[in-house]
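Biologist: Please take one part of this model and examine it closely, setting it within the chain around it. I should like a connected account rather than a list.

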Amino acid sequence: MQRTPRVSIFPNPRDVARTLARRVAAALRDNPRVVLGLPTGRTPLLFYEELVRLHADEDVDFSQATTFNLDEFVGIPAGHPGSYRTFMGRFLFQHVNIDPARTNFLDGAAADLNEECERYEDSIAAAGGIDLQILGIGTNGHIGFNEPGQELDARTHKVTLRPETRRSNAALFGGDPDSVPTHALSMGMGTILHARKAVLLATGDTKARCVERVVRGPITTTLPASLLQLHPDAELMLDNAAAQELDGVS
Ligand code: PGA
């Protein structure tokens, strides 16, 4: 049996981004109604840049695609500069021909957050499930905002953000970690593992240690990304720096 997640290593972050963007463009050509799960953070920025370029230069068509973002901060309105909805508009959606009605976000300002999480799960199911879930990884091994812990929630839920996660999001909130919301809503591990295909992007040497543990195991809730070993079609796309602890794995 082929090991999972598969590991693909590229010379630099640009090559990771370019390869994934080409694959997404091919997926859109094969199935214009493809359902994509999308991440935020620094890592996917080059990937979004490449998608924008493919749309401009090669007419890659997003008009019938559907997207679901992985997570959103609690307590800030949709238009807030720190919201992930704002992030996606700025780096991807404003630059391609996606139908805003087909872009789905968790509403971190919803009056009833449990209901909001249920609504999101129902929307994913109504869209036929996620075909391709793209993920980043926190230096603590989180995917989405599924933080390391004794237990992990299967479905979309409210999470308490760890201090390191709030620090790494400070740039969205004027550089001040204390201004980053303390809570977020996130797809759960089951939501992520139910995607037909999962691709985790990791670049840079700060991710190398985590990546090695994701590939070699053990599977543990204290490293949520290690659960990708349970997915039948998961892949890590890495640059050399993120792959530096992986001698002999391919
Ligand atoms: P980063 O964040 O891409 O900014 O490193 C990844 C994540 O926390 O999922």
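Modeller: Arg196 is partly exposed, with a relative accessible area of 46%; the value lies between the limits of 20% and 50% that bound this class. The model is a predicted one, and what follows is computed from it. Arg196 belongs to the loop that joins helix 6 (189-193) to strand 9 (197-202). Leaving aside residues up to four places away in sequence, Arg196 touches Gly128, Gly129, Ile130, Asp131, His231 and Asp233. One of these partners, Ile130, is 66 residues apart from Arg196 along the chain, yet their C-alpha atoms are separated by 6.4 Å.

Contacts between residues distant in sequence also feature in the chain as a whole. Of the contacts with a separation of 6 or more, 79% are accounted for by residues 24 or more positions apart. The protein chain contains 7 helices and 10 strands. Its radius of gyration is 17 Å, close to the 18 Å that the globule rule gives for 250 residues, so the chain is as compact as a globular protein of that length. The C-alpha trace spans about 50 × 45 × 35 Å along its principal axes, and 54% of the 250 residues are buried.

Strand 9, at one end of the Arg196 loop, leads to helix 7. Strand 9 is among the elements that cover the buried residues of helix 7, and strand 1 (6-10) and strand 10 (234-239) are others. In helix 7 (residues 208-216), the buried residues are Ala208, Cys210, Val211, Glu212, Val214 and Val215. Gly217 follows helix 7 and has a positive phi, near 85°. The peptide bond from Gly217 to Pro218 is cis, with omega near 0°, and Pro218 lies in the loop between helix 7 and strand 10. Most residues other than glycine have a negative phi, and most peptide bonds are trans.

Asp59 offers another case of backbone geometry: its phi is positive, about 55°, although Asp59 is not a glycine. Asp59 is found in the loop between helix 2 and strand 3 and is exposed, with a relative accessible area of 64%.

Helix 2, which precedes that loop, packs against two other helices. The axes of helix 1 (residues 13-30) and helix 2 (residues 45-58) come within 8 Å and cross at roughly 50°, which makes helix 1 oblique to helix 2. This crossing is right-handed. The residues that meet include Leu20, Ala21 and Val24 in helix 1 and Phe47, Leu51 and Leu54 in helix 2. By class, the contact of helix 1 with helix 2 has 10 nonpolar, no polar and 8 charged residues.

The axes of helix 2 and helix 3 come within 10 Å and cross at roughly 45°, and helix 2 is therefore oblique to helix 3. Leu45, Tyr48 and Val52 of helix 2 make this contact with Phe87, Met88 and Phe91 of helix 3. By class, the contact has 6 nonpolar, no polar and no charged residues. Within helix 3 (residues 84-91), Tyr84, Phe87, Met88 and Gly89 are buried. Their cover includes helix 2 together with strand 2 (35-38), strand 3 (66-69) and strand 4 (71-73).

Methods: Residues are numbered from 1 along each chain as its sequence is written. This is a predicted model: local features need pLDDT of at least 70, side-chain atom pairs count only at pLDDT 80 or more; totals for chains, interfaces and linings use all residues. Side-chain values use heavy atoms; hydrogens and water are left out. Axes are lines fitted to C-alpha atoms, for helices over the stretch in contact, and angles run from 0 to 180 degrees between N-to-C directions. Helices (H or I, at least four residues) and strands (E, at least two) are DSSP runs, numbered from the N terminus. Angles under 35 degrees count as roughly parallel, over 145 as roughly antiparallel, 65 to 115 as roughly perpendicular and the rest as oblique. A crossing is left-handed if the near helix is turned anticlockwise from the far one by less than a right angle, and right-handed if clockwise. Contact means heavy atoms within 4.5 Å. Ala, Val, Leu, Ile, Met, Phe, Trp, Tyr, Cys and Pro count as nonpolar, Asp, Glu, Lys and Arg as charged, and the others, Gly among them, as polar. The radius of gyration is taken over C-alpha atoms; the globule rule is 2.2 Å times the number of residues to the power 0.38. Buried means under 20% relative accessible area, exposed over 50%, partly exposed in between (1.4 Å probe, protein chains only).
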